[in-house]
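Colleague: Please take a close look at the strand pairing in this model, and then follow it to whatever lies next to it. Plain wording will do.

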Amino acid sequence: SLLENVRAKVQRGLLPQWAFTDPDVFQAELERIFAKTWNFLGHESEVARPGDYVTRWIARDPVLLVRDAEGKVQAYLNSCTHRGTKLCTADFGNKKAFTCPYHGWTFNLAGELTGIVAGNKVYGKEMDRSQWSLRKIPRVESYQGMIFGSLNEHVEPLETFLGDMKWYFDLMLGRSDHGMEVRGIPQRWIIHTNWKISADNFGGDPYHTAMTHRSTVELGISPKDPMYASYGYQIVLDNGHGINIVTRRKDMNVPPFQGLPQAMWPMFERNLDPVQLDVFRNTMITVGNCFPNLSFVSPMHGTGGPDEPLTSFVNFRVWRPLTPTSIEVTSWLMVDKDAPEAFKEASYLSYVGSFGPAGTLEQDDAEIWTRVAEASQGWMTQDKDVHYNNVLNYLMGLDRVEPDPSWPGPGVAYPTCYLDAISRAFYERWIECLLDDAI
Ligand code: FES
C-alpha cells in the first residue's frame, strides 16, 4: 500500500514530501495517533487548589482540567451533555460549578449534573441526573507534575509510554525539592504549518540553528559560537521520543547547571542521582520531543546584549494539529518553585524574548515552518512519487555516525547533535502508528 511504501522510504532515511500536508494522512493521524496515545494537558501547579481549572485540547477534543473538591485532578470533555455546547470558554480560573451558557445546566467539580433550569417542571422527577454527568477523559495520569490525558482507555501506563524519557524529565523537572511551577499564563498562537514539521524540528534538528538563528549569535543573545548547537549528544529514546543534550564547552565560559543560582546546587545533589547530577552539571541546552507533539527546550539566552550573561529557562509546548497546514501552539514557561524570585523573573524574561510568540528564535522558526508547509501543497509535492522524485532528506549520519557507548544515561546516544537519528526514529514511530492493524 501507499503507507507501506512510505515505511520503506522512512527506513532508508527518506520522507515523501506529501506526507506533511496530505488530508488523508492527517485524518489517519487524528485517529491512529492523537486518539490513541497520551497527550499533555497541563502542569499540576496550574490547578493547585480545589476549583482551579484550565481549558485544553486533545487534538480536536476540548478538555476541562479541574481540581475537584477532594483535591483530585479530573479531566472532562468540555462539552455540555444536553446539546453539546462548549461548557467553559475561559483559559483558566477557579469555580465551584460550571453553568452552561445555552440552557443553564450546572455541573459541580465532580462533573455531576446538579442544577437544571426549571428542573422537575420540564423533565419530571423521573429523570436520572446521574446519567448526564460530564463525560470523563478515559485516562489521566501524571509524571513529575506533568498531567497527561488519553482518549484510549486501553493505553499503556503513562510511565511505560514515557520510558527512558523519564530520566531526562527528572533532569528538567525533578531536580528541585518542590518541583516546578508554571510562571505566567501559558501563551497560545497559531502557525500555518503541519505539526510534524515543528515536532521534528524540536526533536531532531539542532542543525538548523546555525542558519535559521544565526542573527541571535551575531547579536550576542545566543551562545557565541555559530556551531554551538552541534556539541553534545543526540539521544534516541523508545516510542519515538528523543532529546539533544548540548554540553557546555570550557572555551564558551558557560557556568555549571545552566547558570542556575549556586544556592540551588545542593538541592540538585539531593534530588538527582550521581549520574544525572554529572550530566546536568555539564549541560548547556536540552531540546527534544516527546512523541507525538510535546516538545521542550531549555536553552541559555540573553536579554541584554553581548556582554550580559545568558539565563536559562524550561519551556514545554504542544503542537496541536488543527488542519494539515495549521497548528495551535500552547507554550508553558516552567521554573523551579525553590528558585529565588529574581531568577524566576530573569528566566521568564529570557523565555519571552526568545521562545515566546514574539521571541527572536520563535519567529525565526515559525517563518521557516510556514514556508515548508507553503511549498508542500502543490501538484508536484502532492504527487505520490509517481512522476516526480518527491522524497526529502533525513540522511544525516545514517550508517556513518555510531552510538557512543560511554554515554552514562539511558537511550542510544550519538556524539553529535548534528544528526537525523531522532527524526528518523520519530518518523518510524509515526508510520508504525499509521500502519498498526490493531487499531
Ligand atoms: Fe448546555 Fe443546553 S446545551 S444546557
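Modeller: Two strands count as paired if DSSP finds at least two bridges between them; strands are DSSP runs of E of at least two residues and helices are runs of H or I of at least four, all numbered from the N terminus. The model is predicted, so local features need pLDDT of at least 70 and side-chain atom pairs pLDDT 80 or more, whereas totals for chains, interfaces and linings use all residues. Residues are numbered from 1 along each chain as its sequence is written, and side-chain values use heavy atoms, without hydrogens or water.

Start with the three-stranded sheet. The sheet is open, with 3 strands in the order β7-β8-β9 and antiparallel pairing. At its edges are β7 (97–99) and β9 (113–115), each paired on one side only. Neighbouring strands here are turned by 35° against each other on average, direction ignored; axes are lines fitted to C-alpha atoms, for helices over the stretch in contact, and angles run from 0 to 180 degrees between N-to-C directions. Strand β8, residues 106–108, is joined to β9 by 2 antiparallel bridges, and F107 has L113 of β9 as its bridge partner.

Next comes a hairpin. Strands β10 (residues 139–143) and β11 (residues 146–150) run antiparallel and are paired over 5 bridges. E141 is bridged to F148 in β11. The hairpin has 2 residues between its strands, and Q144 sits in that loop between β10 and β11. Q144 is not glycine, yet its phi is positive, near 50°. Most residues other than glycine have a negative phi, and most peptide bonds are trans.

The eight-stranded sheet is also open and antiparallel, in the order β12-β20-β19-β16-β15-β14-β13-β22. Its edge strands are β12 (180–191) and β22 (412–414), and each of them pairs on one side only. The average turn between neighbouring strands of this sheet is 15°, direction ignored. Within the sheet, β13 (residues 232–236) and β14 (residues 242–247) run antiparallel and are joined by 5 bridges; the partner of G232 in β14 is V246. The loop between β15 and β16 (294–298) contains P292, and the peptide bond from F291 to P292 is cis, with omega near 0°.

Strand β15 leads on to the interior. A search of the whole structure finds 7 cavities of 30 Å³ or more. A cavity is a set of points on a 1 Å grid over the protein atoms alone where a 1.4 Å probe fits but cannot get out, and lining residues have an atom within 4 Å of a point. The largest has a volume of about 250 Å³, volume being the space filled by probe spheres set on the points. It is lined by 22 residues, with T209, Y228, V287, V297 and F355 nearest its centre. The elements giving two or more residues to this lining are α6 (195–204), β15 (283–290), β17 (300–301) and α12 (360–374).

Helices α6 and α12 also meet each other: their axes come within 10 Å and cross at roughly 130°. That angle makes α6 oblique to α12, since under 35 degrees counts as roughly parallel, over 145 as roughly antiparallel, 65 to 115 as roughly perpendicular and the rest as oblique.

Terms used:
On a 1 Å grid over the protein atoms alone, a cavity is a set of points where a 1.4 Å probe fits but cannot get out, and a pocket is an open set with protein on both sides within 12 Å along at least five of seven lines; lining residues have an atom within 4 Å of a point.
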